[in-house]
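Trainee: Could you take a close look at one part of this protein with me? I would like to see how that part sits in the whole.

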Amino acid sequence: MKPAAPRPAEPRKLPLRTPGALVLGLILVVMIGLIEIGVLEYTYARLGIGHRFFGGLLLASLLGSVVNLPITALASTAPGARPTIVAVNLGGAVIPALLALYLLIVHRLYVDGAVAVAVVAGLSHALSRPVKGVGIAVPIFIPPIAAAITALVLAPDAAPALAYAAGSLGTLIGADLTNLGRLRELEAPLVSIGGAGTFDGVFLTGIFAVLLA
């Protein structure tokens, strides 16, 4: 008689951990969110913005991040390709720009603001390059560092406000607005200035600049 073939070993069953993993993941997401909100609130506090105003700005930025306002259409360089629609994102470009102008007016940083914005804009333009399917790429840490250093040199007493204005407006002007003529190279159906909303380079550059200053 031939010996009976051994039965294949049954796969080990792992204990059910899905509910615990979901709870742990939810707690982690909430903690990260609270940390990010805490960083933002600290940043706005350094700018002299109250808690209620901060909450309104944060909500407006989040809601505005899904709103793209078309401003023009550019003919594509590729034959037969559809034109590229150029839009401005409400949460990632319009709101940071308005806040920057507000800070410059409140702190009366007219001359210092113009100089600081020009410095960051020139540097951002020099470092920017179009990337097909992505947008205008700029090293994320260089503009805020330049904005913080410039603000500390020009107006140390109002460095956070000047750093935010120079970082956000300088990046918006130098990386985006001065490169409008190069947007055809992206070969994309839609190019949104500040299109990533609250996590766009314009928004983050202003935040990083304040923290550095």
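Which residues of helix 5 are buried?

Mentor: Happy to, and please keep in mind that this is a predicted model. The buried residues of helix 5 are P143, P144, A146, A147, A148, T150 and A151. The helix itself covers residues 142-154, which makes 13 residues. From its first C-alpha to its last it reaches 18 Å, close to the 18 Å expected at 1.5 Å a residue.

Let us place the helix in the fold. The protein has seven helices and five strands, and along the sequence they follow the pattern α-α-β-β-α-α-β-β-α-α-β-α. Of the 213 residues, 38% count as buried. Among contacts with a separation of 6 or more, 71% are between residues 24 or more positions apart.

Now for the interior around helix 5. The largest nonpolar core has 42 residues, and those with the most contacts inside it are L47, L99, L162, Y164 and L183. Helix 5 is one of the elements that give two or more residues to this core, and the others are strand 2, helix 3 (90-106), helix 4 (110-127), helix 6 (159-176), strand 5 (190-193) and helix 7 (201-212). Helix 6 gives the most, with 10 residues. As a general background, nonpolar side chains tend to be buried together in soluble globular proteins.

Two contact lists show how residues of helix 5 meet other parts of the chain. Start with L162: leaving aside neighbours within four places in sequence, L162 is in contact with L104, L109, D112, G113, A116, A151, L154 and A155. In that list, A151 is also one of the buried residues of helix 5.

The second list belongs to S124, a residue in helix 4. Not counting residues up to four places away in sequence, S124 touches V138, P143, G170, T171, G174 and A175. Here P143 is the partner that also appears among the buried residues of helix 5. S124 has a relative accessible area of 0%, which is under the 20% limit, so S124 counts as buried.

For a polar residue elsewhere in the protein, look at N89 in strand 2 (residues 84-89). N89 is likewise buried, with a relative accessible area of 0%, and the side chain of N89 reaches the backbone nitrogen of G91 at 3.1 Å.

Finally, a word on the outside: the protein exposes about 12600 Å², with carbon and sulfur atoms supplying 70% of it.

Technical notes. Residues numbered from 1 in each chain as written. Predicted model: local features only at pLDDT ≥ 70, side-chain atom pairs only at ≥ 80, totals over all residues. Heavy atoms only, no water. Helix = DSSP H or I, 4+ residues; strand = E, 2+ residues; numbered from the N terminus. Expected span 1.5 Å × (residues − 1). Buried < 20%, exposed > 50% of the residue type's maximum accessible area, 1.4 Å probe, protein only. Polar contact = N/O pair within 3.5 Å; in protein donor to acceptor, adjacent residues only side chain to side chain. Core = buried A, V, L, I, M, F, W, Y, C linked by side-chain atoms within 4.5 Å. Contact = heavy atoms within 4.5 Å. Areas by Shrake-Rupley, 256 points an atom, 1.4 Å probe, with all protein chains shown as cover.
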